[in-house]
Every structure is written in C-alpha cells, then in structure tokens.
Amino acid sequence: MTKPIDQIALTSPEDAATAADWERATADVLRKSRRMSETDADADVWEKLARTTLDGISVAPSARPPTSRA
C-alpha cells in the first residue's frame with residue numbers, strides 16, 4: 001500500500017506571478033479587443049472589467065485584485 005500524498009505542488013517558485021504581471025497580461029488582452037487604449041495604465045483593468053447594475057452600483061470582477069504589488 002502506498003502512503004497518501006499530503007500536498008501536490010502545482011507550480012514551482014519560478015512560476016510565481018505578481019499583481020503587476022497579471023494586470024499587464026490582462027491589459028494586453030483588453031487592448032487587443034479594443035476595450036483599453038494603448039495609453040491606459042495596466043492597473044486600469046479592474047475598472048474596465050467592472051460592471052454597473054441598473055441601480056448604478058459598480059460591481060468588481062469576481063476575482064479580487066492581488067493584495068501585494070511588486
């Protein structure tokens with residue numbers, strides 16, 4: 001009988017991405033779809049991904065912005 005695995009590493013330390021990395025990659029996609037201009041800051045992705053309800057309430061994307069910035 002084999003011993004159960006306590007943890008499985010799905011990434012390695014080299015795969016770690018920062019908030020800035022995520023914002024840059026997301027901004028690139030939004031620029032390609034013309035939802036962001038070339039002059040918009042990468043950090044504007046959160047505003048661009050937010051939606052407004054009929055009551056005028058801004059709803060952020062379901063993912064939360066990463067708390068640490070490198």
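**Exercise 1.** In this predicted model, identify the buried residues of helix α1 and state which side of α1 they occupy and what they pack against.

*Solution.* Step 1: the buried residues of α1 are Ala 19, Ala 20, Glu 23, Thr 26, Ala 27, Leu 30 and Arg 31. Step 2: these residues lie on the same side of α1, because they span an arc of only 140° around the axis. Step 3: in general, an α-helix has 3.6 residues a turn, so residues three or four places apart point the same way. Step 4: the buried residues of α1 pack against α2 (45–49). Step 5: on the other side of α1, Val 29 and Lys 32 are exposed.

**Exercise 2.** Compare the reach of α1 with the expected value, and describe the residue that follows.

*Solution.* Step 1: α1 covers residues 19–32, which gives 14 residues. Step 2: from first C-alpha to last, α1 reaches 20 Å, close to the 20 Å expected at 1.5 Å a residue. Step 3: α1 is followed by Arg 34, with a positive phi near 65°.

**Exercise 3.** Determine whether Arg 31 and Leu 10 are buried or exposed, and describe the surroundings of each.

*Solution.* Step 1: Arg 31 belongs to helix α1. Step 2: the cut-off for buried is under 20% relative accessible area; Arg 31, at 12%, therefore counts as buried. Step 3: leaving aside residues up to four places away in sequence, Arg 31 touches Met 36, Ser 37, Glu 38, Asp 40, Ala 41 and Asp 42. Step 4: Leu 10 is found in the segment before α1. Step 5: exposed requires over 50%; Leu 10 has a relative accessible area of 78% and is therefore exposed. Step 6: together with Ile 5 and Ile 8, Leu 10 makes a nonpolar surface patch of about 410 Å².

Technical notes. Residues are numbered from 1 along each chain as its sequence is written. This is a predicted model: local features need pLDDT of at least 70, side-chain atom pairs count only at pLDDT 80 or more; totals for chains, interfaces and linings use all residues. Side-chain values use heavy atoms; hydrogens and water are left out. Helices (H or I, at least four residues) and strands (E, at least two) are DSSP runs, numbered from the N terminus. The expected span of a helix is 1.5 Å times one less than its number of residues. Buried means under 20% relative accessible area, exposed over 50%, partly exposed in between (1.4 Å probe, protein chains only). The arc is that of the directions from the helix axis to the C-beta atoms. Contact means heavy atoms within 4.5 Å. Patches are made of residues with over 30% relative accessible area and no salt bridge: like charges are joined within 9 Å, nonpolar side chains (Val, Leu, Ile, Met, Phe, Trp, Tyr) within 5 Å. Accessible areas come from the Shrake-Rupley method with a 1.4 Å probe; for residues, only the protein chains shown count as cover. A salt bridge is a side-chain nitrogen of Lys or Arg within 4 Å of a carboxyl oxygen of Asp or Glu.
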